[in-house]
Amino acid sequence: MNKLRVSLLVLLLFGMICAHAQGKWHYDFGLGASLNAGNVNNCNVSNDGALERNDSLLAFDVRYKLIYSAFVDRNSVDQHWKETNFEINGGAKIDVFQYDVWSPFLACEMLTNKYKGYDFKVSGLVGLKYRIYTIPKICDYSISAAFVYDWTDFTDETHLPNNNYRISIRPKIKQKLFENLTLTHTTFFQPSVLDFGDFIITSSTKLETKISQKLFLDISFTYGYRSRIPAANYKRNDIMTEVTIRYKNEKLKKNNKK
């Protein structure tokens, strides 16, 4: 399992480096710390990155996030470091006609975190975004709907299916509050078409402060809820509050209509 985790992270990083080498992409890179409650109750360090390319026809982005925490186990004889959280999540997405009112998209996402009961989870999405209201560089309001296929390798024996099919509804708000302060909020509601009592809610709110031309400070709050859990030893709720320092290369974004 450790080899799989490392391989996934290396693959994501390699893909981002290769794409950046083309010189037509912009990227960001963040380092942060988070406070968690739910299946993990401690502080973590995190690292994330994203790479994007936008034009009037196609938009492509790939991203990853690594979350890790450990402590010295003083109850053990060797008093070695004990891992308390390890997560890698990431994905890739293609939008067609992203600046139009209607925009179809394809996406693939992955997740590994045994503390939430997932040895490995991969999702494929196909959907359509509707842009409700937008003012370039000021605000962007949209809602999207997608069909999702989930394949999950659970950490423990479970009654949940390894293959699942979901509907995903996602409203998104991006609003510039002040000259150097932007609010972004997304909420995903994903009920299973096999059992509508099986649903996942993920809600994220972020305040982004521009410190300099390429340096940003993010403060974010993420809430996750699963109506069905893999086993009785897991919790339905996960809460994360995170502070991140982010470097952005935005020199190629000046023609971006957003």
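This is a guided tour of one protein chain, with a suggestion at each stop of what to select next. The model is predicted.

**Stop 1: the whole chain**

Show the entire chain as a cartoon. Its secondary structure comes to 1 helix and 12 strands. Along the sequence, the pattern begins with α and continues with β through to the end. The chain has 258 residues, of which 41% count as buried. If you switch on a surface, about 14300 Å² is exposed, and carbon and sulfur atoms supply 63% of that area. Among the contacts with a separation of 6 or more, 52% come from residues 24 or more positions apart.

**Stop 2: strands E1 and E12**

Select residues 26-37, which form strand E1, and residues 237-249, which form strand E12. E1 and E12 pair in the antiparallel sense, over 11 bridges. To find one position on this pairing, pick tyrosine 27 and look across to asparagine 249 in E12.

Now add residues 215-226, strand E11, which also pairs with E12 in the antiparallel sense, over 11 bridges. Here glycine 224 stands opposite aspartate 238 of E12.

**Stop 3: the two faces of E1**

Keep E1 and show its side chains. Which residues of E1 point to one face and are buried? They are His26, Asp28, Gly30, Gly32, Ser34 and Asn36. Tyr27, Phe29, Leu31, Ala33, Leu35 and Ala37 point to the other face and are not buried.

**Stop 4: the hairpin of E1 and E2**

Select residues 43-54, strand E2, which E1 joins through 10 bridges, running antiparallel. From phenylalanine 29, move to its bridge partner in E2, glycine 49. E1 and E2 form a hairpin with 5 residues between them. In the turn, glycine 38 has a positive phi of about 130°.

Next, pick cysteine 43. Is cysteine 43 buried or exposed? Its relative accessibility is 55%, so cysteine 43 counts as exposed, the cut-off for that word being over 50%.

**Stop 5: the loop after E4**

Go to phenylalanine 97, in the loop between strand E4 (81-96) and strand E5 (102-113). Phenylalanine 97 has a phi near 55°, a positive value in a residue other than glycine. With 38% relative accessibility, phenylalanine 97 counts as partly exposed.

**Stop 6: the hairpin of E6 and E7**

Select residues 118-135 for strand E6 and 139-154 for strand E7. E6 and E7 run antiparallel and are joined by 16 bridges. One place to look is serine 123, which stands opposite aspartate 150 in E7.

The hairpin of E6 and E7 has 3 residues between the strands. Lysine 137 lies in this loop, with a positive phi of about 70° although it is not a glycine. At 56% relative accessibility, lysine 137 counts as exposed.

Then pick cysteine 139. Its relative accessibility is 7%, so cysteine 139 counts as buried. How many disulfides does the structure hold? The count is 0.

**Stop 7: strand E8 and the cavity**

Add residues 163-178, strand E8, which runs antiparallel to E7 and is joined to it by 13 bridges. In this pairing, isoleucine 143 stands opposite proline 171 of E8.

Keep E6, E7 and E8 in view, as each supplies at least two residues of the lining of the largest cavity. The count comes to 1 cavity of 30 Å³ or more. How much space lies in the largest cavity? The volume is about 160 Å³. To find the place, select Tyr118, Phe154, Leu160, Asn164 and Arg166, which lie nearest the centre of the cavity among its 17 lining residues.

**Stop 8: threonine 184**

Finally, pick threonine 184 in strand E9, residues 181-191. Threonine 184 counts as buried because its relative accessibility is 18%, and buried means under 20%.

Show what surrounds this residue. Leaving out residues up to four places away in sequence, threonine 184 touches Lys172, Ile173, Lys174, Ser204, Thr205 and Lys206. To end the tour, draw a C-alpha to C-alpha line from threonine 184 to glutamate 208, which spans 8.0 Å in space. In sequence, threonine 184 and glutamate 208 are 24 residues apart.

Conventions
Residues are numbered from 1 along each chain as its sequence is written. This is a predicted model: local features need pLDDT of at least 70, side-chain atom pairs count only at pLDDT 80 or more; totals for chains, interfaces and linings use all residues. Side-chain values use heavy atoms; hydrogens and water are left out. Helices (H or I, at least four residues) and strands (E, at least two) are DSSP runs, numbered from the N terminus. Buried means under 20% relative accessible area, exposed over 50%, partly exposed in between (1.4 Å probe, protein chains only). A disulfide is a pair of cysteine sulfur atoms within 2.5 Å. Two strands pair if DSSP finds at least two bridges between them. Contact means heavy atoms within 4.5 Å. Accessible areas come from the Shrake-Rupley method with a 1.4 Å probe; for residues, only the protein chains shown count as cover. On a 1 Å grid over the protein atoms alone, a cavity is a set of points where a 1.4 Å probe fits but cannot get out, and a pocket is an open set with protein on both sides within 12 Å along at least five of seven lines; lining residues have an atom within 4 Å of a point. Grid points are joined across faces, edges and corners, and a volume is the space filled by probe spheres set on the points.
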